[in-house]
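Reader: Can you walk me through this one? I'd like pockets, packing and any odd backbone spots.

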Amino acid sequence: MEETKIPVTEQNQFPQTPKHIFILSGQSNMAGRGGVHHHHWDGVVPLDSQPHASIIRLSANLHWEPAREPLHHDIDVRKACGVGPGMSFANAVKDHIGGGGECLGLVPCAVGGTAIKEWERGQHLYDNMLKRSKESVEKTKGEIKALLWYQGESDTPSYHTAEAYKENMERLIHNVREDLGLPSLPIIQVAIASGDERYMEKVREAQLGIDLPNVICVDAKGLALKEDNLHLTTEAQVKLGHMLADAFLTHFNAPPSQSSPFSAPKNRVISISK
């Protein structure tokens with residue numbers, strides 16, 4: 001795969017606001033740790049994660065700017081960020097959504113090391129995600145197309161948190177949809193591939209078992225992990241982005257001629273083998 005190194009601070013000018021908006025949230029594997037070694041990102045950006053003129057991101061200061069890895073560099077500030085699934089996802093869907101070639105906006109919100117209870121309504125992380133989501137459509141003609149969610153590793157050490165995960169995640173889905181006024185907002189969640197082995201499968205069972213309309217689960221199990229056995233490699237993040245894109249385009253990307261943006265799939269799981 002052709003790769004290139006680019007400075008994090010490099011900026012491009014753009015005259016656009018987004019028409020199609022995606023919220024990226026959860027914890028470190030959504031924020032991206034691909035290429036991070038010894039607390040530093042190696043700067044390598046795979047071809048599928050390269051910047052594109054039609055892909056922009058909402059900065060921590062709520063300004064639209066060119067999107068590039070690492071997408072969460074000013075959001076998940078406690079740890080070094082690297083390659084995540086967001087850019088490969090965006091590059092995979094940009095030519096197939098709407099009329100093709102329309103501006104696509106990414107809203108990074110993920111913060112590493114966070115448990116599902118920290119994303120409850122009224123907590124800082126939830127309120128910030130809500131604020132950023134609302135700001136993303138303010139003064140634009142954009143539409144929030146989906147929430148991409150990858151979280152759960154921090155809920156695997158305890159039986160109590162693992163047991164409560166399904167209820168807490170379903171409440172999060174309900175709250176986000178209600179607070180954004182989008183009762184049918186598509187949610188594409190990722191079933192975790194790592195965490196504390198004691199209760200990892202219990203959290204996965206909860207994620208795979210959520211049976212709500214317009215909620216799709218992409219299974220990360222089998223994707224390559226770094227030497228820490230917790231975070232996805234750069235190559236795995238690119239693959240995950242493609243899986244998320246396939247889930248969105250298959251289930252939620254209706255042709256422009258259709259009045260309804262999507263049907264209402266339930267409890268569909270997309271695995272690495274697909």
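Author: We'll take the empty spaces, then the packing, then the backbone. Keep in mind that this is a predicted model.

Reader: Pockets, then. What volume does the largest pocket have?

Author: About 430 Å³. It is lined by 19 residues, and the closest to its centre are Arg33, His39, Lys79, Asp228 and His231.

Reader: How does the lining of the largest pocket divide into nonpolar, polar and charged?

Author: Three residues are nonpolar, eight are polar and eight are charged.

Reader: And closed spaces? How many cavities of 30 Å³ or more does the search find?

Author: Three in the whole structure. The largest cavity has a volume of about 60 Å³.

Reader: Which residues line the largest cavity?

Author: Ile116, Trp119, Glu120, Arg121, Asn168, Arg171, Leu172 and Asn175. By class, that lining has three nonpolar, two polar and three charged residues.

Reader: Leu172 caught my eye. What does Leu172 touch, leaving out residues up to four places away in sequence?

Author: Ile116, Trp119, Tyr126, Met129 and Trp149. Ile116 and Trp119 also line the largest cavity, as does Leu172 itself.

Reader: Now the core. Which residues have the most contacts inside the largest nonpolar core?

Author: Leu106, Met129, Tyr150, Leu172 and Phe248, in a core of 68 residues. Helix 7 gives the most to this core, with seven residues. As background, nonpolar side chains in soluble globular proteins tend to be buried together.

Reader: Switching to helix 2. Is it mostly covered or mostly open?

Author: Mostly covered. Helix 2 spans residues 86–93, and seven of its eight residues are buried. Those are Gly86, Met87, Ser88, Phe89, Ala90, Asn91 and Val93.

Reader: What do the buried residues of helix 2 pack against?

Author: Four strands and a helix: strand 2 (20–26), strand 6 (55–58), strand 8 (104–108), strand 9 (143–150) and helix 7 (234–251).

Reader: Aromatics next. How many aromatic pairs does the search find?

Author: Six in the whole structure. One of them is Phe22 with Phe89, edge-to-face, at 4.9 Å centre to centre and 80 degrees between the planes. Phe22 is in strand 2 and Phe89 in helix 2, 67 residues apart, so the pair links distant parts of the chain.

Reader: Why does Phe22 count as buried?

Author: Because its relative accessibility is 0%, and buried means under 20%. Phe89 is buried too, with a relative accessible area of 0%.

Reader: Any tryptophan pairs?

Author: Trp119 and Trp149 form an edge-to-face pair, 5.3 Å centre to centre with 85 degrees between the planes. Trp119 lies in the loop between strand 8 and helix 3 (124–137) and Trp149 in strand 9, so the pair ties together parts that are 30 residues apart in sequence. Trp119 counts as buried at 1% relative accessibility, and Trp149 does at 0%.

Reader: Which residues do ring pairs link into a cluster?

Author: Phe22, Phe89, Phe248 and Phe252.

Reader: Last topic, the backbone. Where is the cis peptide bond?

Author: From Glu69 to Pro70, with omega near -10 degrees. Pro70 is in the loop between strand 7 (64–66) and helix 2.

Reader: And positive phi outside glycine?

Author: His39 has a positive phi of about 70 degrees. It sits in the loop between strand 3 (36–37) and strand 4 (40–41). Leu62 has a positive phi too, near 65 degrees, and lies in the loop between strand 6 and strand 7.

Reader: Is His39 buried or exposed?

Author: Exposed, with a relative accessible area of 68%. Leu62 counts as partly exposed at 22%.

Terms used: Residues numbered from 1 in each chain as written. Heavy atoms only, no water. 1 Å grid on protein atoms, 1.4 Å probe; cavity = no way out; pocket = protein on both sides within 12 Å on 5 of 7 lines; lining within 4 Å. Points joined across faces, edges and corners; volume = space filled by probe spheres on them. Nonpolar A, V, L, I, M, F, W, Y, C, P; charged D, E, K, R; others polar. Buried < 20%, exposed > 50% of the residue type's maximum accessible area, 1.4 Å probe, protein only. Helix = DSSP H or I, 4+ residues; strand = E, 2+ residues; numbered from the N terminus. Contact = heavy atoms within 4.5 Å. Phe/Tyr/Trp six-rings, centres within 6.5 Å; stacked < 30°, edge-to-face > 60°. Core = buried A, V, L, I, M, F, W, Y, C linked by side-chain atoms within 4.5 Å.
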